[in-house]
Amino acid sequence: GLLHLEIIQERLEREFDLDLITTAPSVIYKIHLRYPDINGEKVLHIHSPAEMPDPVKIESMEEPWIKATIMTPDEYLGAVLDLCTQKRGIQKELSYVGDRAMLVYRLPLNEIVYDFYDRLKSCSRGYASFDWAMDGYEESQLVKLTIMVNGEPVDALSFITHKTRAESRGRAICAK
């Protein structure tokens with residue numbers, strides 16, 4: 001998790017006098033082009049923001065979604081529901097198994113790959129369990145956020161995010 005990442009980063013910085021910047025993991029997006037590209041493809045599967053075509057050429061973008069099943073004690077249900085809502089989740093089911101609540105949510109994969117599990121364990125004091133499976137792709141309003149240093153774009157700091165989260169995530173990266 002993120003704790004181990006911070007420990008490794010701290011040791012590398014201290015022992016080898018390195019200045020490290022960790023980048024966020026990414027997922028595979030589907031880009032539907034207005035017109036076929038040079039290879040005749042109308043749908044691109046991109047793995048990194050550097051592969052993203054010019055926005056003028058894009059007809060629509062799709063991001064992968066998952067079906068998540070979360071089991072949590074009843075007392076932490078509110079915090080878990082709040083976390084899933086913050087991550088753009090869509091509640092599908094809420095049921096009880098004894099004194100535990102079982103939630104089924106649809107969540108965008110890019111919202112959970114970075115810190116979802118750590119935050120889930122934190123808000124449930126370690127008592128929540130989390131299982132997920134791919135649930136297809138869904139069209140979304142995605143943008144490429146590029147961080148510039150001295151007026152030059154830095155590909156390692158670029159990422160793809162939902163339009164509503166772009167400003168807050170960009171500010172958080174720049175603050176670090």
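Visitor: In which helix is Gly 170 found?
Guide: Welcome! This is a predicted model. The helix to look for spans residues 166–175, and Gly 170 is found there, in α5.

Visitor: Is Gly 170 buried or exposed?
Guide: Buried means under 20% relative accessible area. Gly 170 has 10% relative accessibility, so this residue counts as buried.

Visitor: Which residues is Gly 170 in contact with, leaving aside its neighbours within four places in sequence?
Guide: One residue to compare first is Ser 158, which is 12 residues apart from Gly 170 along the chain, with 9.4 Å between their C-alpha atoms. The contacts of Gly 170, once neighbours within four places are set aside, are Leu 145, Ile 147 and Phe 159.

Visitor: Which residues touch the most other members of the largest nonpolar core?
Guide: That core has 28 residues. Elements giving two or more residues to it include β1, β2, α2 and α4. The members that touch the most others are Ile 70, Phe 116, Leu 120 and Phe 130.

Visitor: Which element gives the most to this core?
Guide: Strand β3 covers residues 58–73 and is among the elements that give two or more residues. With 5 residues, the element that gives the most is β3.

Visitor: Which residues are among the members of the other core?
Guide: This other core lies apart from the largest one and has 5 residues. Among them are Leu 145, Ile 147, Leu 157 and Ala 166.

Visitor: Is Thr 72 buried or exposed?
Guide: Thr 72 sits in strand β3. Setting aside neighbours within four places in sequence, its contacts include Leu 77, Val 80 and Ala 101. Its relative accessibility is 0%, so Thr 72 counts as buried.

Visitor: Why do the buried residues of α2 line one face of the helix?
Guide: The buried residues here are Leu 77, Val 80, Leu 83 and Cys 84. An α-helix has 3.6 residues a turn, so residues three or four places apart point the same way. Looking down the axis of α2, its buried residues line one face because they fall within an arc of 125°.

Visitor: Which residues are exposed on the other side of α2?
Guide: We have just met the buried residues of α2, and what covers them includes β3, β4, β5 and α4. Turning to the other side of the helix, the exposed residues are Gly 78 and Thr 85.

Visitor: How many disulfides does a search of the whole structure find?
Guide: A disulfide needs two cysteine sulfur atoms within 2.5 Å. For Cys 84, the nearest cysteine sulfur belongs to Cys 123 and is 8.1 Å away, so Cys 84 falls outside that cut-off. Over the whole structure, the search finds 0.

Visitor: Is Cys 174 buried or exposed?
Guide: Cys 84 makes a useful comparison: its relative accessible area is 0%, so it is buried. For Cys 174, the relative accessibility is 57%, and over 50% means exposed.

Visitor: With which side chain does the side chain of His 162 make a polar contact?
Guide: His 162 lies in strand β10 and is buried, with a relative accessible area of 11%. Setting aside neighbours within four places in sequence, His 162 is in contact with residues including Glu 63, Arg 88 and Ser 140. The polar contact, at 2.8 Å, is with the side chain of Thr 164.

Key:
Residues numbered from 1 in each chain as written. Predicted model: local features only at pLDDT ≥ 70, side-chain atom pairs only at ≥ 80, totals over all residues. Heavy atoms only, no water. Helix = DSSP H or I, 4+ residues; strand = E, 2+ residues; numbered from the N terminus. Buried < 20%, exposed > 50% of the residue type's maximum accessible area, 1.4 Å probe, protein only. Polar contact = N/O pair within 3.5 Å; in protein donor to acceptor, adjacent residues only side chain to side chain. Contact = heavy atoms within 4.5 Å. Core = buried A, V, L, I, M, F, W, Y, C linked by side-chain atoms within 4.5 Å. Arc of directions from axis to C-beta.
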